[in-house]
Each structure stands twice: as C-alpha cells, then as structure tokens.
Amino acid sequence: MNAAQGTVGSDPVILATAGYDHTVRFWQAHSGICTRTVQHQDSVSLISGPGDYRDREGRKRPKGKKKSLRRDGGKQEGWRRRDLGGGGAGLPCSILTPSSLFPHRSRNLQCQRIFQVNAPINCVCLHPNQAELIVGDQSGAIHIWDLKTDHNEQLIPEPEVSVNSVHIDPDASYMAAVNSSGNCYVWNLTGGIGEEVTQLIPKTKIPAHNRYALQCKFSPDSTLLATCSADQTCKIWRTSNFSLMTELSIKSNNPGETSRGWMWDCAFSGDSQYIVTASSDNLARLWCVETGEIKREYSGHQKAVVCLAFNDSVLG
C-alpha cells in the first residue's frame, strides 16, 4: 500500500470513517491526519467504497466511486437456494437503477424498483456483474434478486438467525455471509455471465466467532476473507482452504481494563497486504495482514466508529 500527499479532493487514497458521533471523517491514510470532518444529522452505519465490477458478459467495468426457506411453513432446506419467482411481500429493498446504485454519480435520483421481503434488511451486496443484488435480512434469509428479470431466489443458512453481512469476491468465485451466531457461510459461485443465472454451491461453514459476526469482506485479490465480530476481533481467512491466517484483536491485556467494544467493519488495501478496521473504542486502525501488527491509528471520533470506506487501488 502506498500513500500520496494531498487533500481529500486531490489525494487518490480515500479513507473515510463514520460512527455514532454524527460525523464522517476523511483521513490521510499514510499519516493518520484527519483532513476533513463532515457533520451528519444521524449516526452513520454504512458507507461504501469503490470496487471492480463486471457486466453480464463478464467484462470488467471501470471502478466506481452490503425451519423453512420461506416463513410459510415450507420444508427446511438448509443453506441451499430456492426459486421464489418474481416479487414478494413485506419490507422493501428499493434501488435506483443498476447503473446508479452509487448516489454520487447521479444528481436526479428516482426509485426504479422495490423488492419486498418479510423482515428488516441488514445488508445488501451488488454482484460484480452489476445485475444481481444479494440481500440479507433479520429472519436469516439471503435473497438473490436478478435486476434484469426481477426473478428472485432465497436461502437460509440458519433459520431465525440474523444475517448481518454478505459479500462476493471480485472474481465472483465465492459468496460469504456472516450471522449473529458468529458463523460464516461460504458458497462457490458459477454462472452469472450473459443470460446465465448465478448458481450457489455450498462450500464451507466456518465457526468464525463466539459472538455476533458483524461484517465479512473479501480481499481485492480474492485470496483472503476477513470477518469482524462483537468478540473484539477481526479474523482473516485464506480462501484456498478457509483456514485462519491472522487474528486481529483489540482485547486488552490489562485485567482491570473494561472491554474496548466491537470490531464493526473492515476494508482491505488495494494490494491486499493491509486492512483497516473500525471499532467501538472510537478508533480506526491500519494493520499488516501477514503479521497482525498495527501500523497506524486514526483517532478523532468521540464515539464508536462503526463503518469505513478505503481505496488506494488507483496507486497500483
């Protein structure tokens, strides 16, 4: 990871953090200096960063700027998907258009479509083909919504266990989901190019954490998967065999010190060698993935830092 001098407007490295103190802060990633603070009337719980995406033909797009299968008494089918046809009823997930999911690209935003689910939505992830949305909700359901056909399917890894985060790696080889049991589920992905529907094949279940799992993120090179948790850790797993590589912990070694809180969010650097985390002790931290060493702390928030966005991939 490199870092260039500059301001928020000119620095190609973008690190933004937000949290319960009603502020969004922009940082020089290399120095830890806060270059700008933006007040927000509400607490912020999600900010999104850039990424690589492919269209339905598999071409990369330019980088921009998460019991029964249904709750209707049907047969339990574990964490394999089930076809639900089009539409649904319940709570809405609304979008603008597949090409304007990132609001800063458009000045005139209008809701184009609404997808109804039966429980509050925790997370949404756009497939790299930009034609499918993955939606996780508090009932434990994961919905796969095809934006071109309005067709949707769903699966439930653990009934009635809230799905808190879903993510697809940049190569569209894997999808991961974490839930309030602390488990991480991984699927192999096939298809998703042209008119071919994405197929999910169960790969593995990782008992990743002993408390709520809050976030999962694949690295830009698709070789690593990070999971964050209320157990004060961020764990990094090798996607080659989904074994544990590194555990990043904010647990105190002082018996008299109270808990430093949850690890809420994370984001890899463009070269996949570093990772930034956000935590309840008001800090964001830059870690070395291989050694687990803290390289930088970003101090300035007055309350818990619960989300972040980080991009340095333009520097190569």
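# Exercises on a predicted all-strand chain

Ring pairs join Y20, Y212, W262 and W264 into one cluster. The model under study is predicted, and the exercises below treat its rings, its cysteines, one of its sheets and its annotated repeats.

**Exercise 1.** Determine how many helices and strands the chain has, and what share of its residues is buried.

*Solution.* Step 1: the chain contains 0 helices and 25 strands. Step 2: of its 316 residues, 49% are buried. Step 3: the exposed area of the chain is about 14300 Å², and 46% of that area comes from carbon and sulfur atoms.

**Exercise 2.** Classify the ring pair of W27 and Y298, and state whether these residues are buried or exposed.

*Solution.* Step 1: the whole structure yields 8 aromatic pairs. Step 2: one of them joins W27 and Y298, with 5.6 Å between the ring centres and 65° between the planes. Step 3: ring centres must lie within 6.5 Å for a pair, and planes over 60 degrees apart count as edge-to-face; the pair of W27 and Y298 is therefore edge-to-face. Step 4: both W27 and Y298 are buried.

**Exercise 3.** Explain why C288 and C307 count as buried, and state how many disulfides the structure holds.

*Solution.* Step 1: a residue is buried if its relative accessible area is under 20%. Step 2: C288 counts as buried because its relative accessibility is 12%. Step 3: C307 also counts as buried, because its relative accessibility is 1%. Step 4: the number of disulfides in the structure is 0.

**Exercise 4.** Describe the open sheet that contains β17, and identify its edge strands.

*Solution.* Step 1: the sheet has 4 strands in the order β17-β18-β19-β20, and their pairing is antiparallel. Step 2: β17 (213–218) and β20 (244–249) each pair on one side only, which makes them the edge strands. Step 3: from one strand to the next, the twist averages 15°. Step 4: in general, strands of a sheet pair through backbone hydrogen bonds, in a parallel or an antiparallel manner. Step 5: β19, residues 233–238, pairs with β20 in the antiparallel sense over 5 bridges. Step 6: within this pairing, K235 is opposite E247 of β20.

**Exercise 5.** State which residues UniProt lists for "repeat: WD", and describe the stretch 267–297.

*Solution.* Step 1: the unreviewed UniProt entry lists residues 206–247 and 267–297 under this name. Step 2: residues 267–297 are 0% helix and 58% strand. Step 3: the end C-alpha atoms of this stretch lie 14 Å apart.

Technical notes: Residues are numbered from 1 along each chain as its sequence is written. This is a predicted model: local features need pLDDT of at least 70, side-chain atom pairs count only at pLDDT 80 or more; totals for chains, interfaces and linings use all residues. Side-chain values use heavy atoms; hydrogens and water are left out. Helices (H or I, at least four residues) and strands (E, at least two) are DSSP runs, numbered from the N terminus. Buried means under 20% relative accessible area, exposed over 50%, partly exposed in between (1.4 Å probe, protein chains only). Accessible areas come from the Shrake-Rupley method with a 1.4 Å probe; for residues, only the protein chains shown count as cover. UniProt positions are given in the numbering used here, feature names are shortened, and annotations may be inferred rather than shown by experiment. A disulfide is a pair of cysteine sulfur atoms within 2.5 Å. Rings of Phe, Tyr and Trp (its six-membered ring) pair if their centres lie within 6.5 Å; planes under 30 degrees apart count as stacked, over 60 as edge-to-face and the rest as tilted. Two strands pair if DSSP finds at least two bridges between them. Axes are lines fitted to C-alpha atoms, for helices over the stretch in contact, and angles run from 0 to 180 degrees between N-to-C directions.
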